[in-house]
Amino acid sequence: MVAGERQALDLLGDASYRGASWVVLPVERLDPEFFRLRSGVAGAVVQKFAQYRMGLAVVGDVAERVAASDALRDFVRESNRGLQLWFVADLPELAGRLSG
């Protein structure tokens, strides 16, 4: 479960050791606090990935969470416009984004 900076750093270290440029994380592996933006968990995790110049792809259905929070909806939309953090429904969608 990724619940903050410590777990993000563990993922980054492992990914870097393996020569990866992206970490693909199933939505189920994120602590629910990640999706409550006021908690600061998302900011801390995303900041670590940005500092280490590693992409983070959250894979899975976030529709229910997005529907319940305007702030989260905006965060997901803006993240998907960038090159650092993407929220995708499944691996084929991720593959399409990475190849495009």
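Let me start with a definition: a residue is buried when its relative accessible area is under 20%, and exposed when that area is over 50%, with partly exposed in between. Keep that in mind, everyone, because K48 comes in at 16% relative accessibility and therefore counts as buried. One caution before I go on: what you see above is a predicted model.

So, where does K48 sit? K48 lies in helix α2, and its salt-bridge partner E5 lies in helix α1, 43 residues away in the chain, so this pair links distant parts of it. The closest N and O atoms of K48 and E5 are 3.7 Å apart. And E5, is it buried or exposed? Neither, as it turns out: with 40% relative accessibility, E5 counts as partly exposed.

Now let's step back to the two helices. Packed helix pairs are described by the angle and the distance between their axes. Here, α1 covers residues 5–17 and α2 covers residues 41–51; their axes come within 9 Å and cross at roughly 30 degrees. Angles under 35 degrees count as roughly parallel, and α1 and α2 are therefore roughly parallel to each other. The crossing of α1 past α2 is right-handed.

Which residues of α1 meet α2? From α1 we have E5, A8, L9, L11 and L12, and across from them in α2 are A44, V45, K48 and F49. Sorted by class, this contact has seven nonpolar residues, two charged ones and no polar ones. Our friends E5 and K48 are both on that contact list, and they are joined by the salt bridge I showed you a moment ago.

That brings me to the other charged pairs. How many salt bridges does the structure hold? There are eight. In general, side chains of opposite charge can pair when their charged atoms come close. One example is E33 with R36, where the closest N and O atoms are 2.2 Å apart. E33 has a relative accessible area of 31%, so it is partly exposed, and R36, at 44%, is partly exposed too.

My last stop is further along the chain. D74 and R73 meet through their side chains in a salt bridge, 3.3 Å from N to O. D74 is partly exposed at 29% relative accessible area, and R73 falls in that category as well, at 35%. Both belong to a network of salt bridges that links D70, R73, D74 and R77.

Thanks for listening, and I'm happy to go back to any of these pairs.

Technical notes. Residues numbered from 1 in each chain as written. Predicted model: local features only at pLDDT ≥ 70, side-chain atom pairs only at ≥ 80, totals over all residues. Heavy atoms only, no water. Axes fitted to C-alpha atoms, helices over the stretch in contact; angles between N-to-C directions. Helix = DSSP H or I, 4+ residues; strand = E, 2+ residues; numbered from the N terminus. Parallel < 35°, antiparallel > 145°, perpendicular 65-115°, else oblique. Left-handed = near helix turned anticlockwise from the far one by under 90°. Contact = heavy atoms within 4.5 Å. Nonpolar A, V, L, I, M, F, W, Y, C, P; charged D, E, K, R; others polar. Salt bridge = Lys/Arg side-chain N within 4 Å of Asp/Glu carboxyl O. Buried < 20%, exposed > 50% of the residue type's maximum accessible area, 1.4 Å probe, protein only.
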